[in-house]
Amino acid sequence: EKKPMEIKLLSNEQEAAILNLIADKYRCEDNGASRMVFLVDTKDLIQIGLKLFENYEYVVKVSIGIAGINQSRIEASAFERFGASREYPLASISYIGHYVEIMDRVKPIDLARDYACDDEEDFINAMLEEYDYSEDDCRLMYNAIQMLHEINGHTSDNGQIGFSCNDGSIVAYDYGFEAGSDYKLCSDLRNYFDIYDTESLAKYLHALIKILGAEEDAMLALEESYGVYH
């Protein structure tokens with residue numbers, strides 16, 4: 001029987017230190033439906049006391065509201081169940097906290113998402129037309145997407161794949177969206193503050209620090225303080 005992958009838990013102190021670090025030093029690189037992505041220097045994370053590989057690159061994902069918490073839970077659960085198998089090429093998750101997740105950094109294959117629901121031949125032809133990848137690589141991309149369809153249900157979100165910055169393999173870098181989920185997975189909160197404005201971002205990150213370790217109601221209250229009503 002396959003041993004599940006273990007993700008280390010961030011202490012509240014470590015999570016607060018990461019959120020403070022981002023607020024002071026980093027800008028949001030990208031965002032999805034309910035999470036922000038930061039390209040944080042590995043040295044900065046190791047200084048906080050995290051056990052990470054010095055020569056690896058990581059991203060820090062931060063939840064935007066309840067939906068972000070839900071997506072990180074789905075993602076972590078998938079990694080714990082399937083991450084040890086070569087058949088399921090998932091970017092590794094090293095740590096998870098209440099609102100923060102640390103994952104291996106991946107260079108996205110941008111157009112894979114546009115063709116994620118195509119059949120194999122159409123997908124491979126489209127990718128060969130757009131990029132100078134080998135046919136073998138395109139087949140690996142297609143297989144990675146099919147694997148995600150199997151885990152999370154059929155959705156174009158499963159096209160969020162790329163090349164690992166650490167070993168060059170093709171992996172999924174965002175696999176927290178479950179088709180047909182009963183949980184809220186897209187955040188309204190992201191419409192209420194500017195994640196690309198440093199002041200607005202820092203205010204949100206400091207608000208997260210204040211509710212670290214609190215019940216989910218504290219996040220609902222934070223959302224409401226921004227004007228989001230459930």
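Me: I've got the model open and I'm looking at helix α5. Which residues of α5 are buried?

Reply: Cys 138, Met 141, Tyr 142, Ala 144, Ile 145, Met 147, Leu 148, His 149, Ile 151 and Asn 152 are the buried ones in α5. Keep in mind that this is a predicted model.

Me: How do I read spacing like that along a helix?

Reply: Here's the general idea: an α-helix has 3.6 residues a turn, so residues three or four places apart point the same way. In this structure, Cys 138, Met 141, Ala 144 and Ile 145 are among the buried residues of α5.

Me: What covers the buried residues of α5?

Reply: The cover includes two helices, α3 (65-82) and α4 (120-130), along with the strands β8 (161-164) and β9 (170-172). As for direction, α5 lies across β8 and β9 and runs at about 120 degrees to β8.

Me: And α5 itself, how many residues does it have, and how far does it reach?

Reply: It spans residues 135-152, which is 18 residues, and reaches 26 Å from first C-alpha to last. That is close to the 26 Å expected at 1.5 Å a residue. Just past the helix, Gly 153 takes a positive phi of about 90 degrees.

Me: Now the helix pair. How do I describe α4 against α5?

Reply: In general, two packed helices are described by the angle between their axes and the distance between the axes. Here, the axes of α4 and α5 come within 9 Å and cross at roughly 130 degrees. That angle makes α4 oblique to α5. The crossing is right-handed.

Me: Which residues of α4 and α5 meet?

Reply: From α4, you'll find Glu 120, Phe 123, Ile 124, Met 127 and Leu 128. They meet Glu 135, Cys 138, Arg 139, Met 141, Tyr 142 and Ile 145 of α5. Of these, Cys 138, Met 141, Tyr 142 and Ile 145 are buried.

Me: On to the strands under α5. What is the strand order in that sheet?

Reply: First the general point: in a regular strand the side chains alternate between the two faces of the sheet. In this case, 3 strands make an open sheet in the order β7-β8-β9, with antiparallel pairing. β7 (106-108) and β9 are the edge strands, each pairing on one side only. From one strand to the next, the twist averages 45 degrees. Between β7 and β8 there are 3 bridges, and Lys 107 stands opposite Phe 163 in β8.

Me: Where is there a hairpin?

Reply: Look at β2 and β3, which form one with 3 residues between them. The two strands run antiparallel, joined by 2 bridges, and Asn 31 has Met 36 as its bridge partner. β3 also pairs with β4 (residues 58-63), antiparallel again, over 4 bridges. There, Phe 38 is partnered by Val 60.

How values were computed. Residues are numbered from 1 along each chain as its sequence is written. This is a predicted model: local features need pLDDT of at least 70, side-chain atom pairs count only at pLDDT 80 or more; totals for chains, interfaces and linings use all residues. Side-chain values use heavy atoms; hydrogens and water are left out. The expected span of a helix is 1.5 Å times one less than its number of residues. Buried means under 20% relative accessible area, exposed over 50%, partly exposed in between (1.4 Å probe, protein chains only). Contact means heavy atoms within 4.5 Å. Two strands pair if DSSP finds at least two bridges between them. Axes are lines fitted to C-alpha atoms, for helices over the stretch in contact, and angles run from 0 to 180 degrees between N-to-C directions. Angles under 35 degrees count as roughly parallel, over 145 as roughly antiparallel, 65 to 115 as roughly perpendicular and the rest as oblique. A crossing is left-handed if the near helix is turned anticlockwise from the far one by less than a right angle, and right-handed if clockwise.
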